[in-house]
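Biologist: I would like to learn how to read a protein model step by step, beginning with a feature and then looking at the case in front of us. Could you guide me through it?

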Amino acid sequence: MLRLLVIAALLSLGCKLIFGRWPWEYLRGASTRQRAIERARQLLGVDQGAKRQQIVEAHKRLVAMVHPDRGGTNEQVHEANAARDLLLAELPPEIPS
């Protein structure tokens, strides 16, 4: 029994040293904010490294499709706006040149 505990401790320590995270941290999953950001990326159809211009253009395309005048709903427009705002808030601040 003691041998199993020592092996488990060594494996846990090895995982922390190699991957930078404890094994039980992999069980938690992503935070609520990270899940919201991923959902916003999927909704707008942009990649993780998308720049401001790409996010704004994707938002315009989506709003053009879901606008109430085109058969969409106000809720869809609000969801697109929230996705755009969330992704823009995640970008690093722009440095003026």
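Biologist: How many salt bridges does the structure hold?

Modeller: Please keep in mind from the start that this is a predicted model. As for the general idea, side chains of opposite charge can pair when their charged atoms come close. In this case the structure holds 5 salt bridges. One of them joins the side chains of Glu90 and Arg33, with N and O 2.6 Å apart. Because Glu90 lies in helix α5 and Arg33 in helix α3, this pair ties together parts that are 57 residues apart in sequence.

Biologist: Which residue forms a salt bridge with Arg39, and which helices hold the two partners?

Modeller: The partner of Arg39 is Glu79, and their closest N and O atoms are 2.9 Å apart. Glu79 sits in helix α5 and Arg39 in helix α3, so that this pair links distant parts of the chain, 40 residues apart. Glu79 counts as partly exposed at 35% relative accessibility, and Arg39 counts as partly exposed too, at 47%. A further salt bridge is formed by Asp85 and Arg84, whose closest N and O atoms are 3.0 Å apart.

Biologist: Now to helices: what span should helix α4 have, at 1.5 Å a residue?

Modeller: One can compare the expected span with the distance between the end C-alpha atoms. The 15 residues of α4, residues 52–66, should span 21 Å, and the end C-alpha atoms are indeed 21 Å apart, which agrees. Helix α1 can be read in the same way: with 18 residues, α1 reaches 26 Å from its first C-alpha to its last, close to the 26 Å expected. Just after α1, Gly20 takes a positive phi of about 80 degrees.

Biologist: Which residues of α4 are buried?

Modeller: A residue is called buried when its relative accessible area is under 20%. In α4 the buried residues are Ile55, Ala58, His59, Leu62, Val63 and Val66. They cover an arc of only 135 degrees around the axis, which puts them on the same side of α4. The face turned away from that buried side carries the exposed residues Gln53 and Lys60.

Biologist: What covers the buried residues of α4?

Modeller: The cover includes α3, residues 32–44, and α5, residues 74–90. His59 is a helpful example, since this residue is buried at 8% relative accessibility. Leaving aside neighbours within four places in sequence, His59 is in contact with Leu44, Ala80, Asn81 and Arg84. Ala58 is buried as well, with a relative accessible area of 2%, and, with the same neighbours left aside, Ala58 is in contact with Leu44 and Val46. Ala58 and Val46 are 12 residues apart in sequence, while their C-alpha atoms are 7.2 Å apart in space.

Biologist: Returning to helix α1, is Ser12 buried or exposed?

Modeller: Ser12, which is found in helix α1, is buried, with a relative accessible area of 17%. Not counting residues up to four places away in sequence, Ser12 touches Trp22, Pro23 and Trp24. Leu2, also placed in helix α1, is exposed, with a relative accessible area of 64%.

Biologist: Which residues make the nonpolar surface patch?

Modeller: The patch, of about 910 Å², is made by Met1, Leu2, Leu4, Leu5, Val6, Ile7, Leu10 and Leu11.

Technical notes:
Residues numbered from 1 in each chain as written. Predicted model: local features only at pLDDT ≥ 70, side-chain atom pairs only at ≥ 80, totals over all residues. Heavy atoms only, no water. Helix = DSSP H or I, 4+ residues; strand = E, 2+ residues; numbered from the N terminus. Expected span 1.5 Å × (residues − 1). Buried < 20%, exposed > 50% of the residue type's maximum accessible area, 1.4 Å probe, protein only. Arc of directions from axis to C-beta. Contact = heavy atoms within 4.5 Å. Patch = residues over 30% accessible without salt bridge, like charges linked within 9 Å, V, L, I, M, F, W, Y side chains within 5 Å. Areas by Shrake-Rupley, 256 points an atom, 1.4 Å probe, with all protein chains shown as cover. Salt bridge = Lys/Arg side-chain N within 4 Å of Asp/Glu carboxyl O.
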